[in-house]
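Below is a briefing on one protein chain, arranged by topic. Please keep the sequence and the 3D view open while reading.

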Amino acid sequence: MSKVYVFDHPLIQHKLTYIRDKQTGTKEFRELVDEVSALMAYEITRELPLREVEVETPVATCKAYKLEGKKLGLVPILRAGLGMVDGILKLIPAAKVGHVGLYRDPETLEPVEYYVKLPNDVSERDFIVIDPMLATGGSAVAAIQSLKNRGAVSMKLMCLIAAPEGVQKVQEEHPDVDIYVAGVDEKLNDHGYIVPGLGDAGDRLYGTK
């Protein structure tokens, strides 16, 4: 069973409060999501392996550390996931960015893949799948499966807010993918929105309705 990590860092929780607030405008919402994404990236990369190197400073030679292991890849789920990418790239500028586009079939209500573009070396990368909201879990499950179908073997899921229903679905369908969130909320309502949540992340990021 995959693990769920809830980031309780004071700065993340403080900024999440303003992200939730319906009075926060598009510009501020976008900036806050960017900032929280960077803070979450700091936490999610805490266990990355290091290798020892030798560095010559202006004063002396010393032992230091560089990242080793697999290269990183970011895969936002379109469109709302795009709002979190820049914040992560500020910390991990060498990461490659792929994209997965999904829409919900109006009759079956199941996610349908309409666009996938990934780095060529899929099997050699550790991927972070990104979506602000983990509601029903349908989109996240489908996006993760899209990556697996193309050879990805190492993934994490990063979201701002999750509902228990979405967490459970991802754990059931992809027990090898750990989930990283800033908050797990109470439930889904009858329309599939997270309660209390933050509304529609895509609309609030891009000023649409």
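**Strand pairing around β8**

I128 has K156 as its bridge partner in β10. This is a predicted model, and the briefing covers the annotated domain, strand pairing, aromatic pairs and salt bridges.

- Strand β8 (residues 125-130) and strand β10 (residues 154-162) run parallel, paired over five bridges.
- β8 also pairs with strand β4 (residues 71-78), again in the parallel sense, over six bridges.
- I128 of β8 is the bridge partner of L74.
- Is β8 buried or exposed? Five of its six residues are buried, so the strand is largely enclosed by the rest of the structure.

**Annotated domain**

- The UniProt record, an unreviewed entry, carries the annotation "domain: Phosphoribosyltransferase" for residues 6-208.
- Within residues 6-208, helix accounts for 32% of the chain and strand for 33%.
- The C-alpha atoms at the two ends of that range are 29 Å apart.

**Aromatic pairs**

- The model contains three aromatic pairs.
- The ring centres of Y5 and Y180 are 4.7 Å apart and the ring planes are at 10 degrees; because planes under 30 degrees apart count as stacked, this pair is stacked.
- Y5 belongs to strand β1 (residues 4-6) and Y180 to strand β11 (residues 178-184), so their contact ties together parts that are 175 residues apart in sequence.
- Y5 is partly exposed, at 31% relative accessibility, whereas Y180 is buried, at 8% relative accessible area.
- Y103 and Y114 make a tilted pair, with 6.3 Å from centre to centre and 35 degrees between the planes.
- Y103 sits in strand β6 (residues 99-104) and Y114 in strand β7 (residues 111-117), so this pair ties together parts that are eleven residues apart in sequence.
- Y103 is partly exposed, with a relative accessible area of 43%, and Y114 is partly exposed as well, with 49%.
- Y5, F7 and Y180 form one aromatic cluster.

**Salt bridges**

- Side chains of opposite charge can pair when their charged atoms come close.
- How many salt bridges does the structure hold? The count is twelve.
- One of them joins K27 and E31, whose closest N and O atoms are 2.8 Å apart.
- Both K27 and E31 lie in helix α2 (residues 26-44), separated by four residues, about one turn of the helix.
- K27 is exposed at 52% relative accessibility, while E31 is partly exposed at 37%.
- E43 and R46 form a salt bridge through their side chains, at 3.3 Å from N to O.
- E43 is buried: its relative accessible area is 17%, and the cut-off for buried is under 20%.
- A salt bridge also connects the side chains of E52 and K63, at 3.9 Å from N to O.
- E52 is in strand β2 (residues 50-56) and K63 in strand β3 (residues 61-67), eleven residues apart, and the pair links distant parts of the chain.
- E52 is partly exposed at 47% relative accessibility, and K63 is exposed at 62%.
- K71, D121, E124 and R125 are joined into one network by salt bridges that share partners.

Notes:
Residues numbered from 1 in each chain as written. Predicted model: local features only at pLDDT ≥ 70, side-chain atom pairs only at ≥ 80, totals over all residues. Heavy atoms only, no water. UniProt positions renumbered as here; feature names shortened; annotations may be inferred. Buried < 20%, exposed > 50% of the residue type's maximum accessible area, 1.4 Å probe, protein only. Pairing = 2+ DSSP bridges. Phe/Tyr/Trp six-rings, centres within 6.5 Å; stacked < 30°, edge-to-face > 60°. Salt bridge = Lys/Arg side-chain N within 4 Å of Asp/Glu carboxyl O.
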